[in-house]
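Here are my notes on the model, as numbered points. Please read them with the structure open.

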Amino acid sequence: MSQQFTPPPMPGYGPPVAPPPPKGPRTALIATAAAVVAAVIASAVTAGVSGDSEAKPAPTVTVTKTAPAAEGEGEGGAESDAGSEPAAEEAGSGDAYSLTDTVAYENDVEVSLSGFGRGVSSDYAAPENTPYVKFTIKVVNNSDATVDANQMTVNCAYGDEGKEGEAIYDDGLDGLPDTRILAGRSLSVPWACELPKKEIFLQVEVSPDWESEESIFAGDVK
């Protein structure tokens, strides 16, 4: 009697199983983020082309009137030419005011110059040993708001060619004060600009604060 033995089948190895596809939520998240980035870029390009986001300049304060100085007032030898030329009605029109005019802004702040006189800076000044013209800048605050005197700007020029007159810092000439002018109060600031001895024409540009127009005062200094 023959015995037949059938060996057990060897374990089979099927074809490799493909990895599971990426989960749906991660794919959707990546697609959503890409869409958001594209939308932001598109809106930025649109804003740049349309110009709607362009910053607008701050409003300026215009000069509404002038109050000429009293006849014969040119303190310190300054010659007033108030009678030779009519005062401009508005700043920025290209016309200058007399050195002794008072300029009133529509926010009820007034600016005037007075007390013109010549001198020479000391050895310790900046710049030193420089001929200059000294005067007083007066700011009257008739408004209801406080005016920051440190925001005032002063620029000088002299001669027919309009050369820049450098500000003089010396004893008693300390530049702009670090203070505020309360409503109903005024402040007088001593100032000096370079002015060669042979020059007589002086131009002074003053703005009481950063938002106001510059008022141009001009005339001859003896």
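1. Overall burial. Of the 222 residues in the chain, 29% are buried, where buried means under 20% relative accessible area, exposed means over 50%, and partly exposed covers what is in between (1.4 Å probe, protein chains only). The accessible surface of the chain comes to about 14600 Å², and carbon and sulfur atoms hold 54% of that area. Areas come from the Shrake-Rupley method with a 1.4 Å probe, and for residues only the protein chains shown count as cover.

2. Basis. This is a predicted model, in which local features need pLDDT of at least 70 and side-chain atom pairs count only at pLDDT 80 or more, while totals for chains, interfaces and linings use all residues. Residues are numbered from 1 along each chain as its sequence is written, and side-chain values use heavy atoms, with hydrogens and water left out.

3. Secondary structure. The chain has one helix and 13 strands. In sequence order the pattern is α-β-β-β-β-β-β-β-β-β-β-β-β-β. Helices (H or I, at least four residues) and strands (E, at least two) are DSSP runs, numbered from the N terminus. Among contacts with a separation of 6 or more, 70% are between residues 24 or more positions apart; a contact means heavy atoms within 4.5 Å.

4. Aromatic pairs. The whole structure contains two aromatic pairs. One of them is formed by Tyr-97 and Phe-217, with 6.2 Å centre to centre and 50 degrees between the planes, which makes it tilted. Rings of Phe, Tyr and Trp (its six-membered ring) pair if their centres lie within 6.5 Å; planes under 30 degrees apart count as stacked, over 60 as edge-to-face and the rest as tilted. Tyr-97 sits in strand 3 (residues 97-98) and Phe-217 in strand 13 (residues 215-221), so this pair ties together parts that are 120 residues apart in sequence. Tyr-97 and Phe-217 are both buried.

5. Asp-209. What does this buried side chain have in place of a salt bridge? Asp-209 lies in the loop between strand 12 (201-207) and strand 13. Arg-180, the nearest side chain of opposite charge, is 12 Å away. A salt bridge needs a side-chain nitrogen of Lys or Arg within 4 Å of a carboxyl oxygen of Asp or Glu; Lys and Arg count as positive and Asp and Glu as negative, while His and the chain ends are not counted. The side chain of Asp-209 instead reaches the backbone nitrogen of Glu-211 at 3.0 Å and makes a polar contact of 2.7 Å with the side chain of Ser-212. A polar contact is a pair of N or O atoms within 3.5 Å; within protein, one must be able to donate a hydrogen and the other to accept it, and residues adjacent in sequence count only if both atoms are side-chain atoms. Beyond four places in sequence, Asp-209 touches Gln-151 and Met-152.

6. Asp-170. This residue is in the loop between strand 9 (163-165) and strand 10 (180-181). Asp-170 is also buried without a salt bridge, and Lys-134, the nearest side chain of opposite charge, is 9.0 Å away. The side chains of Asp-170 and Ser-122 share a polar contact of 2.8 Å. Not counting neighbours within four places in sequence, Asp-170 is in contact with Ser-121, Ser-122 and Ala-125.

7. Leu-173. The loop between strand 9 and strand 10 also holds Leu-173, which counts as buried at 4% relative accessibility. Its contacts outside four places in sequence are Lys-134, Ile-168, Pro-190, Trp-191 and Ala-192. The C-alpha atoms of Leu-173 and Ala-125 are 9.3 Å apart, with their positions 48 residues apart along the chain.

8. Backbone points to check. Most residues other than glycine have a negative phi, and most peptide bonds are trans. Asp-108 has a positive phi of about 70 degrees; this residue lies in the loop between strand 4 (102-105) and strand 5 and is partly exposed at 46% relative accessibility. Asn-129 has a positive phi near 50 degrees, lies in the loop between strand 5 and strand 6, and is partly exposed with a relative accessible area of 48%. A cis peptide bond joins Ala-126 and Pro-127, with omega about -10 degrees. Pro-127 is in the loop between strand 5 (109-120) and strand 6 (131-141).
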